[in-house]
Amino acid sequence: MSNGNKEVLTGHQVVANAMRQVEPDVVAAYPITPQSEIVEYFSQYVADGKVDSEVITVESEHSAMSACVGSAAAGARTMTATASQGLALMMEIVYIAASMRTPIVMAVANRALSGPINIHCDHSDSMAARDSGVIQLYGEDAQEAYEFTLMAQRLAESEDVLLPVMVTLDGFTLTHTAQVAELLPDRAVSDFVGEYDARYPLLDVENPTTQGPFDMPDYYFEHKLQQVEAMENVSDRFLEVQEEFNDLSGSSYDGLFETYKLEDADYAVVILGSTAGTAKVVVDELREKGKKVGLLKPWLFRPFPGEEIKDVLVDKEAVAILDRSLSFGSSGPLYLEVSSALSDGDTKPRLYNYTYGLGGRDIKEDQIAGVFEDLENPDLEDKMRYIGARQ
Amino acid sequence: MAEFELKKYDEIPIGGVIEGGATPELNKTGDWRSERPIWDEDTCIQCLQCWVNCPDASFEISEEEIQGIDYEHCKGCGICAEICPVDAISMKPEGEVSEDE
Amino acid sequence: MKEIRWHGRGGQGAKTASQLLADINLQEGKFVQSFPEYGPERSGAPIRAYNRVSDEKIRVHSGVDEPEVVAVVDPTLLQAANPTEGLSEDGVLLVNTPKSPDEVKDETGFTGEVLTIDATQIAEDAGSGYANVPMLGALVSVLGTDYEVAEAEVDKALSKKLPDEIVEMNLQAFKVGYETLS
């Protein structure tokens, strides 16, 4: 199964291996397609004695996240994984996890929210959590999902951050596809993540604390400001963690988003997750035809790196933002962020919003090429376009 | 709450953590009582049922004997008066309580 | 980049064969993807699985619509699953069947290259009973993969899950599958 250090691994396997290498004290999770195998593999590692973690089986995702919050508050390094309806059921406690500043790392195998019920990929689940106070990282392939899971641990536990981190990977497209990935040696990962030293461990009876108290209007607002400040610290910490990770792995992370042939491009697409890979292929094909096209793929969606994105997009002729979820009655979540980032300049590119891939609808290279073709039209009408939907 | 100075967001522990643990010793919580339990030491048989059943911790005790009631924390729920087997505790409206009670 | 589509029925091991092929291709220094098509999963229901093999890093994440090679593990799927869908006339249709290539051409109307192998019989003769492994052997031959590399990888992968005796049977079936089309 290996070629050098390369292996053929599914998204499930790389995330489960990242969890094994991080060796959290506690994992509490409930199974849901397309996440289940992450926790199945991890539980197997625990059963086989390959990792010393406590796996808590629970009766729902609401309980899973509740157990995680309790565990993290106690001072334990804590992880979980979920998807779709599971995240929706978890949502009440996701907000609480963020507000209690518990650095829980969670994988989300992106899957459409019901209804109609659907098991396939879109981003409606994680986008529904975008205002919950968690940090969100989006991976393009198994390798990024693996590396983000490791970096997430350091980011979450950064002293001036202390927030949950959600690492998303596209359901089926990444979770169930065996692809080439390279894992780091176990020892290197354990050195990288280090020991977790909780600031207020409930189990420290010498220094008792009360956690999760009731706030009156005279303090709730201030506690929210603390979360705002923690989020503001994320970008700098992420860059630092990237640098350290690059030294360790030979990777070349160098920002809050990836750009691909963007610098001299006139036309660009902004896209999250695995479809960015397909779009890169299209960019290459169009570049060969002499088209000045490029791509921007946010790694970090929460906090959204608006200023930095503005800097690299402001001089473009036209930009298409491709959303894989809807915000009914408004534009797509990614579009809103990008357009807001570009709103205060004197000049800005023409911006267009596309929705694609809902409920696992496949998106093809020629459809993305069609988006670039649209952008070349200076008179293109500004309205939402739905790629591949029968209208 | 008036005696506490409201702090800024960066002057309090993160996440709503209360360092040292939340303790009623720092907060007087008995100010919304409408009826006050009056303890009659002479009738009391020191069975400690009131101390056991008080939902707060308002019975002052030392050497296994009730010493009195902590009115800074008693909410006036009346459970102690209800549970007392010898009627050594009676509930009196706050407005009718004399200075020495 | 080469794209391959497998047709099988749930439980016949088409997905496993697809993943084994990815492991083999990696050993050759290739970049690979292997993924099944997911729907409501039932034993016996027609399923499709896919491989991508490339000398370059594979970035594309869309489905495979126009495979160069189609491998049909279950002969009854020639009618049931439209296995020539998207297969160009330059492509290869590899079918597990006792029939001749000409018979399959008549049956499917496909005019490109058709290869047939009685993988069910080969598996039965070897004692392993699963046609996916001789089909994999045949496909490895079609793709021009080094036999030693492929056999070693199949041995390694199967040995993780199966007792030695069963692994041996499968390796025999793999070998006959490979040789039949070499």
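This section describes two sheets of chain A, the contacts of chain A with chains C and B, and several local backbone features in a predicted model.

One open sheet of chain A contains seven strands, arranged in the order β4-β3-β5-β6-β8-β7-β14 with mixed pairing. The edge positions are taken by β4 (54–57) and β14 (300–302) of chain A; each has a single partner strand, so one side of each is left without a neighbour in the sheet. From one strand to the next, the twist averages 20°. Within this sheet, β5 (residues 78–82) and β6 (residues 105–110) of chain A are paired in the parallel sense, and four bridges are found between them. A:M79 has A:V105 of β6(A) as its bridge partner. Helix α2 (residues 36–47) of chain A lies across β3 (26–29), β4, β5 and β6 of chain A. The direction of α2(A) is at about 135° to β4(A).

A second open sheet of chain A has six strands, again with mixed pairing, in the order β11-β13-β12-β15-β16-β17. Here the edge strands are β11 (257–260) and β17 (385–386) of chain A, each of which pairs on one side only. Strand β16 (residues 350–355) of chain A runs parallel to β17(A), to which two bridges join it. In one of the residue pairings between these strands, A:Y354 has A:R385 of β17(A) as its bridge partner. Helix α10 (residues 306–313) of chain A packs on the sheet and touches β11, β12 (267–271), β13 (293–298) and β15 (318–323) of chain A. The angle between the directions of α10(A) and β13(A) is about 175°. Helix α12 (residues 365–375) of chain A lies across β12, β13, β15, β16 and β17 of chain A, and runs at about 135° to β12(A).

The contact between chain C and chain A buries about 2,100 Å², with carbon and sulfur atoms giving 55% of this area. Chain C supplies 24 residues and chain A supplies 29 residues. Three salt bridges are found across the interface of chain C and chain A. A salt bridge is formed by the side chains of A:D141 and C:K57, with an N to O distance of 3.7 Å. Nine residue pairs are in polar contact between chain C and chain A, counting pairs with both residues at pLDDT 80 or more. On the side of chain C that touches chain A, the elements giving two or more residues are α1 (14–27), β2 (31–36) and α6 (147–159) of chain C. Of the elements, β2(C) gives the most, with six residues. The residues on this side of chain C divide into eight nonpolar, eight polar and eight charged. Strand pairing also extends between the two chains: β9 (residues 178–182) of chain A and β2(C) run antiparallel and are joined by two bridges. The bridge partner of A:Q179 in β2(C) is C:Q33.

Chain A also meets chain B, and the area buried between these two chains is about 1,600 Å², 62% of it on carbon and sulfur atoms. The contact involves 18 residues of chain A and 17 residues of chain B. Zero salt bridges are found across the interface of chain A and chain B, while 11 residue pairs are in polar contact, with both residues at pLDDT 80 or more. On the side of chain A that touches chain B, β10 (209–210) and α8 (220–249) of chain A each supply at least two residues. The largest share, five residues, comes from α8(A). By residue class, this side of chain A divides into seven nonpolar, six polar and five charged. Strand β10(A) pairs with β1 (residues 18–19) of chain B in the antiparallel sense over two bridges, and A:T210 has B:I18 of β1(B) as its bridge partner.

Two cis peptide bonds are described in chain A. The bond from A:G115 to A:P116 is cis, with omega near 0°, and A:P116 is placed in the loop between β6 and α5 (124–128) of chain A. The bond from A:R302 to A:P303 is also cis, with omega near -5°; A:P303 lies in the loop between β14 and α10 of chain A. In chain B, B:Q46 has a positive phi of about 60° although it is not a glycine. B:Q46 is located in the loop between β2 (35–39) and α1 (49–53) of chain B.

Note on methods. Residues are numbered from 1 along each chain as its sequence is written. Chains are lettered from A and ligands numbered from 1 in the order in which they are written. This is a predicted model: local features need pLDDT of at least 70, side-chain atom pairs count only at pLDDT 80 or more; totals for chains, interfaces and linings use all residues. Side-chain values use heavy atoms; hydrogens and water are left out. Two strands pair if DSSP finds at least two bridges between them. Axes are lines fitted to C-alpha atoms, for helices over the stretch in contact, and angles run from 0 to 180 degrees between N-to-C directions. Contact means heavy atoms within 4.5 Å. Buried area is the accessible area (1.4 Å probe) that two parts lose on being put together, summed over both. A salt bridge is a side-chain nitrogen of Lys or Arg within 4 Å of a carboxyl oxygen of Asp or Glu. A polar contact is a pair of N or O atoms within 3.5 Å; within protein, one must be able to donate a hydrogen and the other to accept it, and residues adjacent in sequence count only if both atoms are side-chain atoms. Ala, Val, Leu, Ile, Met, Phe, Trp, Tyr, Cys and Pro count as nonpolar, Asp, Glu, Lys and Arg as charged, and the others, Gly among them, as polar.
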